[in-house]
Structures are given as structure tokens and as C-alpha cells.
Amino acid sequence: MTEEIYKKALKKLKSINKLTLTGRTKKTNDTYRTEYKNQIIPLDGVNMIVSGSIENWYSAHHTTEKSFLIIAVYDSEEPNKEYSFTSKQLSKVKPIVRKLIAV
């Protein structure tokens with residue numbers, strides 16, 4: 001993904017206060033697992049698609065959370081044109097998406 005498109009999409013993503021994704025939550029013993037299926041988030045000129053799951057394990061003394069998110073970005077005018085994140089770009093985007101989902 002070019003730096004220009006990345007910065008534009010990141011700025012728009014940071015401007016979102018709360019992101020509501022439809023998911024299905026299952027409880028098994030002390031574990032809650034929420035699965036998200038292909039949610040489209042429109043950003044300036046691109047569409048971000050998020051899917052995956054977030055798991056929370058609860059015990060008497062602490063909570064552990066693991067996220068398994070797949071994030072893809074497509075051009076909003078050419079739906080078959082996918083942009084690939086560099087590892088540095090993805091490492092900045094993923095925590096922002098997790099934070100928006102958790103709020």
C-alpha cells in the first residue's frame with residue numbers, strides 16, 4: 001500500500017469514535033469468544049474489511065485476551081483491487097481496530 005493511501009485511511013480510521021461490528025459470542029467455562037464475519041468499514045477512497053475473533057479467558061486473578069483479526073483493504077472504486085499492508089503499517093492499524101471494537 002502506498003504511504004499516501006495508508007496515511008489517508010489511518011487518519012479516517014482514527015477519527016472513528018466507536019466501531020460496532022456484528023458478531024456472535026459464545027461462552028465456554030471461563031472463556032468468551034466473539035466471532036466477526038466480514039465487516040466493511042468505508043474509509044476515504046478505500047474499504048477496510050475486518051473479520052476474525054477475540055477471545056477472553058477469565059480467572060480469579062487475571063484476564064487474558066487474544067485477538068485473531070484479518071484486515072484487508074480494497075479500493076472503493078475498483079472492488080477487485082486489494083492493497084497490501086506492510087508489516088509496519090499493519091502493526092499500527094491492528095491495535096486501533098482492536099481498541100475501536102472493545103469500546
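Let me begin with two strands at the start of this predicted model: strand β1, which covers residues 23-28, and strand β2, which covers residues 31-43, pair with each other in the antiparallel sense, and six bridges hold that pairing on record. Within this arrangement, T28 is placed opposite T31, the latter belonging to β2. The two strands make a hairpin with two residues between them, and in that turn N29 has a positive phi, of about 50 degrees.

From β2 I would like to move to the aromatic side chains, where the count comes to one aromatic pair. The partners are Y32 and Y58, whose ring centres lie 5.6 Å apart and whose planes stand at 80 degrees, and because an angle over 60 counts as edge-to-face, that is how this pair is classed. The pair joins distant parts of the chain, since Y32 sits in strand β2 and Y58 in strand β3, with 26 residues separating them. How accessible are these two tyrosines? Y32 counts as partly exposed, at 33% relative accessibility, and Y58 is likewise partly exposed, with a relative accessible area of 38%.

Staying with strand β3, which runs over residues 46-58, I turn to S51, which is found there. Is S51 buried or exposed? Its relative accessible area is 13%, and because buried means under 20%, S51 is counted as buried. Setting aside residues up to four places away in sequence, S51 touches Y36, K37 and N38, and it also touches F68, L69 and I70.

Methods: Residues numbered from 1 in each chain as written. Predicted model: local features only at pLDDT ≥ 70, side-chain atom pairs only at ≥ 80, totals over all residues. Heavy atoms only, no water. Pairing = 2+ DSSP bridges. Helix = DSSP H or I, 4+ residues; strand = E, 2+ residues; numbered from the N terminus. Buried < 20%, exposed > 50% of the residue type's maximum accessible area, 1.4 Å probe, protein only. Contact = heavy atoms within 4.5 Å. Phe/Tyr/Trp six-rings, centres within 6.5 Å; stacked < 30°, edge-to-face > 60°.
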